[in-house]
Amino acid sequence: MILRNVAIRHSRKALAAPIPKSLLRTLTTEALAEERSSIEHSIANHTKETHSIEANLNQLQLTKSFHPPRETAESKAGVQRDYALRNHIKKRTSRLGSRIPPHYEPSDILTDPPRPEDVTLELLMASQAHFGHSTSLWNPMNQRYIYGVRSGIHIISLEATAAHLRRAAKVVEGVAYHGGLILFVGTRKGQDKAVVKAAKMAQGCHLFERWIPGTITNGDQILGNCAMRVVDAKDEPLRGFEQKIGEWKALRPDLVVVLNPRENYVLLHECGLNNIPTIGVIDTDADPTWVTYPIPANDDSLRCIQVIAGVLGRAGEAGQKRRLEDAENGIVTWLPSPGLGKPKDMEEAEKEKEEGGGVVAKARIVEDESEEVQSRRRRGPVDPEDGEDDF
Amino acid sequence: MKVAWLPVSIREGLRCAYSPRPTVFNSPMRRCVLSTSSNQFSTSTRLRAGIAAPEIQFKEEGDGRDGEGKIFYARLLPESPSYFTAQPAFTDDLLALQDLVRKYSRLPVVKPSEAPRVAWRSLAEYRNMVGESVKASKYHKVVEVLRRLNLIHPSLIPHDVTKALNEYKRDVNPFQNVPKIIPVDEFGRACAIGRRKTSSAKVYVVEGNGEVLVNGKTLAEAFGRIHDRESAIWALKATDRIDKYNVFALTRGGGTTGQAEAVTLAVGKALLAHEPALKPALRRAGCITRDPRRVERKKPGHVKARKMPAWVKR
């Protein structure tokens, strides 16, 4: 678009007047690099002129087109060298100086979480597990976990906390040992690292954002696109199940660990409907009957949550380790997923063998038999929780 | 195996502790279960009832010659630990990137203005990549982490970071597309091309005394309207340089207005080659901006692009 009146309106003609070449030269980086000394000299000589140039330039808004000299390759190498030097010095001097006694390092709970054996009342006290909520927010259901009242808040009995935490750790270990799927949930801000770490140790699943309502009760719709795999007793992946996996229903956790049960009522309700046991951190304002295994503790302290998640994660780790050790010795602690069967090629080979078994009549008899068996099976075990899809 | 403390509810929750399906219960299995778990599940009447189903054993013995009825251990697990987030690929990506940031948090960084400019994949592209309907706010988290990784000093950036960043870079980097610099050749000519509507103009600008030739004709012959003549050399006029340059223009396509304003753009660009300092003045005069407007297409149901047929009562 052409703005015809601009020049007249703003009387820019004066601005557009040709600028002396010496002024232009000060703007170009080349000139700066090459003739720096001469320019500096001239600037020193004509300070007054420079001021007028600057005023002129500011008026022209020419500074926009001026780029400061970029970092050269030399400075890049310098950064590299400095970094290497820093590492070198650090390596050489790290053993020098005073010896630092054991001290609290906030990240240690995440990098090296405590084991169930390490749970002590001191640890729980140090991680603020005993602070409850204001007495006015009290849920009387958890009266038996409360030690007393101090400055308006309830104090949770750490003995109860430790006992319940150890029990929960055993539950997690048992589920991991029996090849169950453990889900760790902590949807509050800052809990994500603890949750992910615990899930990684226990080889379970993690959830640190909102629980999508219906992930268990309507799992086929919500988790339909999520990939699954089939493993054997030693956790080696198995092939030949692709078709079955495609038709398989969504998985359900076998144990759910909730670090903030108050915000996850929907999840706990779904678990209750589907008979999935739950472990939850119950503060003094929460209802302990929402979860199967309550752990009375302060759920508002990240440090306390990290300790609890770490302990449970370690327990899961121990269970998985024990399961794999047993698998090495030929003991399998779980039963195959009902209806999963064998890989495709093995099943086909068996079928061929069956068909090519010689006498047709015999095969027919076998077929009849199998049909009979199947029909009997259909009528057979009457169980309210029965079903191919239920596991 | 001291697992007797496992209460009823968890036993039921463990999907594999018992199975109402008789197929898996054959003789070695039964041995296994009895030997290992008779203590564990003291009240497991269901388990025993399930095992004791006679039909199954008949069946297995009948056709179990090949595999000796050996139980095949296979169980289903989620592919990713983020299975229950319903967006496992996205969550895994985010966690992997956050891990990288944590791992390399001590490497020296450059200022945000000095970091290499990168166009990250758009939300739609990313959704296609992972096959999940990721929310914009969630993808923004990924982009923020990527920006942080991109700040690591280019001379020290680790290989795995480069690899991770490359996955999220757009296939075509728009920031590599820099405009060509118009040179002034040995004859003192600056050649530039300008376009407007459907016209295009190729213009040579040399220092001279104000002669203008458009397709071999003078300005007055080429453009009948005074307005067009004025706009053709508007770049020179706005900067007060009509008598300092000669213009030789070749125009094609479109009408007179389009050709005249195509010449404006071309002259403006060529003038910049001679005098780069004129850029703000020419920008304000509107001589170096391509006008993208074209004839709007006619739509069905309309008389023209937007005109609707007159309303008739019936």
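The largest nonpolar core in this predicted model holds 72 residues. Inside that core, the residues with the most contacts are Val172(A), Val185(A) and Ile308(A). As for who chips in, helix H14 of chain A, running over residues 302-328, gives the most to the core, with 10 residues. A second core lies apart from this one and has 34 residues, including Trp234(B), Tyr245(B), Val247(B) and Leu272(B).

Val172(A) is worth a stop. Leaving out residues up to four places away in sequence, Val172(A) touches Ile182(A), Ala202(A) and Leu255(A), and its list of partners goes on with Leu312(A), Ala315(A), Gly316(A) and Gly319(A).

Now for chain A as a whole. Its 391 residues include 32% that are buried, and the chain has 16 helices and 9 strands. Take the contacts in chain A between residues at least 6 apart in sequence: 65% of these join residues at least 24 apart.

How far can each part be trusted? On that score, the average pLDDT of chain A is 82, and 74% of the residues score at least 70. A couple of stretches do much less well. Over residues 359-363 of chain A, pLDDT is below 50, and the model gives this stretch 4 contacts beyond near neighbours in sequence. Residues 375-391 of chain A also stay under 50 in pLDDT, and here the model has 19 contacts beyond four places in sequence.

Key
Residues are numbered from 1 along each chain as its sequence is written. Chains are lettered from A and ligands numbered from 1 in the order in which they are written. This is a predicted model: local features need pLDDT of at least 70, side-chain atom pairs count only at pLDDT 80 or more; totals for chains, interfaces and linings use all residues. A nonpolar core is a set of buried Ala, Val, Leu, Ile, Met, Phe, Trp, Tyr and Cys residues joined through C-beta atoms within 7 Å. A residue is buried if 20 or more other C-beta atoms lie within 10 Å of its own, exposed if 12 or fewer, and partly exposed in between; C-beta atoms are placed from the backbone. Helices (H or I, at least four residues) and strands (E, at least two) are DSSP runs, numbered from the N terminus. Two residues are in contact if their C-beta atoms, placed from the backbone, lie within 7 Å. pLDDT is the predictor's confidence in each residue, from 0 to 100.
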